[in-house]
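Visitor: Could you walk me through this one? I'd like to start at the surface and work inward.

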Amino acid sequence: MDDESQTTRPARGGVPLTRRPAFWLWAAVCLIGGWIAITGLDAAVRAFPAGAVAGAALLTPTLMIGVWALRRLHPVRTRPIGYSLVAVAWGAFAAFGLALPANAAFQAVLSKTAGPGFNSEWGAAIAAPVNEETLKLLGVLTLALMAPTSIRGPLDGWGYGALTGLGFQIAENFLYVLNTIVLTGATQDLHAAFFSFGGRVIGGAWWSHWAMTAVAGAGLGCLLGRATRTTAVLAAGAFVLAMALHAWWDAPILVGLGMLVLKGLPILLAAVVTYRLARRRYLTHFRRTAYAETVRGVFVPGEGHVLAHRKWRRKERWDVPAGEPRRLLARLRATELELIEDGLGGLEHDPRTADLLRDDVRDLRRHLNSCPSPPRVA
């Protein structure tokens with residue numbers, strides 16, 4: 001098993017995904033949200049098939065590139081594709097679909113209470129941050145309930161929050177493709193699709209939903225990793241910040257293409273700073289734990305350096321014979337990484353797991369060294 005290609009299997013002693021109520025909640029809400037979205041967009045797609053196809057053709061590779069990049073942003077190992085797709089699906093179907101009637105209802109209330117003029121100008125900046133950021137963050141929480149080992153700290157929360165926001169962002173961009181066709185007179189479907197793609201993706205993707213939900217997800221990851229009063233305050237603050245960034249983006253100020261970068265930079269900066277802080281916290285824990293396990297005799301000297309770098313693990317695998325030795329080495333590295341990350345905490349954290357993983361590491365190393373041509377393991 002390649003340690004870079006993690007599966008969505010449960011951790012030692014864990015419950016399979018499909019036996020968890022959160023999995024079926026995820027599936028049901030995605031189906032409901034997807035049905036709402038498809039029902040709402042069906043008439044426009046049928047009316048403008050060329051534009052819809054063009055929009056989908058442009059956004060599909062964008063989604064693939066975004067998923068690849070966000071998975072690779074983990075400093076040590078690529079995020080599991082299964083968990084990543086769970087997060088993207090929630091954003092694209094559950095959060096996006098449910099946000100359509102939620103935003104409409106919220107703005108209807110604003111229109112009645114504050115007047116149609118106020119709602120027309122400020123409705124999106126008030127309704128969308130509350131509804132959309134809440135729905136997207138619920139996707140990160142659902143993933144954590146579905147797979148407790150998936151989110152063990154702010155770095156995991158940041159990554160899966162960004163992936164959830166990316167799914168929402170792609171679905172919303174497809175909606176804007178259809179809206180742009182209508183706004184331009186419904187006479188040049190392809191031109192409208194390319195225009196919307198240029199504005200929403202090339203010009204605005206750098207500081208969109210992925211960045212906002214990454215910030216909120218990092219706060220939630222703090223709380224899920226260690227539930228304390230401090231982490232609860234951090235989670236609440238990150239969520240409020242995400243809503244504030246969203247409101248800033250939708251507010252009718254600094255409008256126009258010339259103001260796009262000025263308006264988007266605070267959002268991107270918040271996401272980057274949050275990522276850097278979460279990354280530093282993770283790597284500090286990684287180095288301390290690797291050193292402690294080396295002192296304990298579970299890791300051999302120099303092994304922590306190999307574990308911390310994808311390129312060294314990849315090079316190491318190709319330096320051992322194919323077949324059983326290579327499979328054992330991959331399992332050894334994956335188990336060692338799991339041992340290091342177990343110390344981060346998370347939902348359903350079992351303090352006995354670390355000792356069981358240490359036994360696994362010793363057994364795998366013994367089997368690896370007993371191979372006919374044992375590889376030289378750092």
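**From the surface patch to the salt bridges**

Guide: Happy to. Keep in mind that this is a predicted model. At 33% relative accessibility, Ile253 counts as partly exposed.

Visitor: Where is Ile253 placed, and which nonpolar residues form a surface patch with Ile253?
Guide: Ile253 sits in the loop that runs between helix H8 (229-250) and helix H9 (260-296). The patch has about 400 Å² of accessible area together. The partners of Ile253 there are Phe118, Trp122, Leu254 and Leu262.

Visitor: Which helix gives the most to the largest nonpolar core?
Guide: That core has 89 residues, and Trp26, Trp158 and Phe286 touch the most other members. With 12 residues, the top contributor is helix H5 (residues 154-183).

Visitor: Is Arg358 buried or exposed?
Guide: Buried means under 20% relative accessible area. Arg358 has 13% relative accessibility, so Arg358 counts as buried.

Visitor: Which salt-bridge partner of Arg358 is buried too?
Guide: Arg358 pairs with Asp355, the closest N and O atoms being 2.7 Å apart, but Asp355 is partly exposed at 46%. Arg358 also forms a salt bridge with a residue in helix H9, 65 residues apart in the chain. There the closest N and O atoms are 2.9 Å apart, and both residues are buried. The buried partner is Glu293.

Visitor: How far apart, N to O, are Arg366 and Asp363 in their salt bridge?
Guide: Both lie in helix H13, 3 residues apart, about one turn of the helix. Their side chains meet, N to O, at 2.4 Å.

Terms used
Residues numbered from 1 in each chain as written. Predicted model: local features only at pLDDT ≥ 70, side-chain atom pairs only at ≥ 80, totals over all residues. Heavy atoms only, no water. Patch = residues over 30% accessible without salt bridge, like charges linked within 9 Å, V, L, I, M, F, W, Y side chains within 5 Å. Areas by Shrake-Rupley, 256 points an atom, 1.4 Å probe, with all protein chains shown as cover. Salt bridge = Lys/Arg side-chain N within 4 Å of Asp/Glu carboxyl O. Helix = DSSP H or I, 4+ residues; strand = E, 2+ residues; numbered from the N terminus. Buried < 20%, exposed > 50% of the residue type's maximum accessible area, 1.4 Å probe, protein only. Core = buried A, V, L, I, M, F, W, Y, C linked by side-chain atoms within 4.5 Å.
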